[in-house]
Amino acid sequence: MYQSRPVPLRILQVFLLFFLLALGICIVSMTMIRYFGVTNMVPTMLTLQPCVEQDSIECWIRPPSRLMHTMNDTELFWRATFVPQIKRYPYKRHRKVAFMFLTRGPLPLAPLWERFFKGNEGLYSIYIHSLPDYRAEFSHSSVFYERQIPSQVAEWGKMSMCDAERRLLANAMLDLSNEWFILLSDTCIPLRNFTIVYRYLSTSHYSFMGSYDQDGPFGRGRYDNRMMPEVTLKQWRKGSQWFEINRELAVRIVQDEVYYPKFKNFCQPACYVDEHYFPTMLTILTPHLLANRSITWTDWSRGGPHPATFGRNDITKKLFEKILESNLCAFNHQQVTLCYLFARKFAPSALEPLLAFASAFFGY
C-alpha cells in the first residue's frame with residue numbers, strides 16, 4: 001500500500017497567501033459598498049420599469065400607482081408619446097379631465113377645489129408641479145394628496161416655464177384615460193360645477209388655446225428673423241398661457257423637437273415664450289383643432305405686465321355677474337354666453353367669501 005505524502009510547505013504558503021488576498025478584496029469591496037453606495041459599483045440602469053404582466057391588457061392601461069418617479073424629461077417625454085395606431089380602444093375607456101396645477105408651492109384655494117371635485121371621482125386626475133424642494137402637506141382624504149410630480153424650477157417668461165408645462169402634460173399622459181388637459185395656476189378658481197365643465201369639454205369640437213396675430217411691440221415686435229424657416233412672421237402668434245387641449249394636441253406639444261430649439265434660442269425676455277411657443281406651433285400644425293380662445297377669464301383692464309388680483313373685498317355679486325353674464329363667444333360654430341369655465345387671479349384672502357358664494361354663483 002502506498003503511504004500519503006505530506007503537502008509541501010511552499011504550496012501551503014502560496015495557498016494561504018491567495019486566501020488572505022481574496023479575503024482582503026472582499027473586505028474592501030464590502031466597505032466601499034457600505035460607505036459609497038452600490039450605484040458606484042455597477043453601471044447606471046434605465047429607470048423605466050418593465051411591464052411584468054405582458055399577457056394582460058391591464059398591464060398597459062393601468063395608470064401609474066404613484067406620481068413620483070425617477071425618469072428624466074427625455075425618458076418621460078419618450079414614454080408619454082406612445083400613441084396607439086388603432087383608434088378604437090379594446091376596453092371600456094372612461095375619459096377623464098387632467099387638472100394640471102402649475103405653482104411655486106401651496107394651493108391656498110384648495111378647499112374651493114375640493115368642493116368642486118366632490119362626487120366626481122373617476123372623471124378627473126390631478127397633477128401638481130411646484131418648486132422641487134416643496135413638500136405639500138395635504139391630508140390622506142384630500143384629492144390633492146400625493147399628486148405632486150417630479151418638478152424643476154420654472155421661471156416666468158423663460159423656456160423653463162414651458163418645460164414645466166410639458167412636464168405636466170407628459171406625466172398626465174401616462175394615464176391613458178386622460179383625454180383633456182387643463183393648465184391652471186394656484187390663483188385659479190372654477191366658475192362652474194364639475195358636470196358643466198365636463199360636458200363643455202367633452203362636447204367641444206375644438207381645444208381652447210388663445211392664438212392671435214397681434215401688431216406692435218408686444219406681438220409681432222417680439223418675432224426674431226432667426227426663427228425662419230420653421231417659423232415666419234406671418235405664422236407668429238400670441239395667446240394666453242392657460243389652456244385646455246385634447247390628447248392629440250398634448251402629444252404634439254410633448255413630442256416637439258422642431259420648434260422647441262427655435263423658441264428657446266430666439267424668444268427670450270422681452271419675448272415671453274409661454275405666450276408664443278404653443279399658440280404658434282399649434283397654429284402651424286393643427287389650426288383646424290383650435291378654438292382660438294381661452295376658457296380662463298383674466299382681467300387685464302388695470303394695465304401692466306400682470307393681470308389684476310382679487311382679494312377678500314373684491315368678491316362681490318357684481319364681480320361674478322360681470323364674469324359670467326357679459327360674454328358672447330363661439331362654441332362649435334354657434335354663439336353662446338357660456339365662455340369661461342375658470343378665472344384668475346384670486347388671492348388667498350378671497351377663499352372665505354368664495355366658499356360662501358360658491359353654491360349660489362358656481363353651483364357647487
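Author: Quick ground rule: two strands pair if DSSP finds at least two bridges between them. This is a predicted model, so local features need pLDDT (confidence, 0 to 100) of at least 70 and side-chain atom pairs 80 or more, while totals for chains, interfaces and linings use all residues. Numbering starts from 1 along each chain, and side-chain values use heavy atoms, without hydrogens or water.

Reader: In what order do the 4 strands of the open sheet stand?
Author: Strands here are DSSP E runs of at least two residues, and helices are H or I runs of at least four, numbered from the N terminus. Strand 2 (124–129) and strand 5 (244–246) each have a single partner, so one side of each lacks a neighbour in the sheet. The pairing is mixed, and the order reads 2-1-3-5.

Reader: Which residue of strand 5 stands opposite Trp180?
Author: Strand 3 (residues 178–185) and strand 5 run antiparallel, joined by 3 bridges. Across from Trp180, in strand 5, you'll find Asn246.

Reader: How many charged residues are in the contact of helix 10 with helix 11?
Author: Helix 10 (residues 317–325) packs against helix 11 (residues 351–362), with axes (lines fitted to C-alpha atoms over the stretch in contact; angles run from 0 to 180 degrees between N-to-C directions) 11 Å apart at about 45 degrees. The contact (heavy atoms within 4.5 Å) uses Lys317, Phe320 and Leu324 of helix 10, plus Leu354, Phe357, Phe361 and Phe362 of helix 11. Counting Asp, Glu, Lys and Arg as charged, Phe and Leu among the nonpolar, and Gly among the polar, the split is 6 nonpolar, no polar and, for charged, 1.

Reader: Where does pLDDT stay under 50?
Author: The chain averages 89, and 85% of the residues score at least 70. One stretch, with 10 contacts beyond four places in sequence, stays under 50: residues 32–48.
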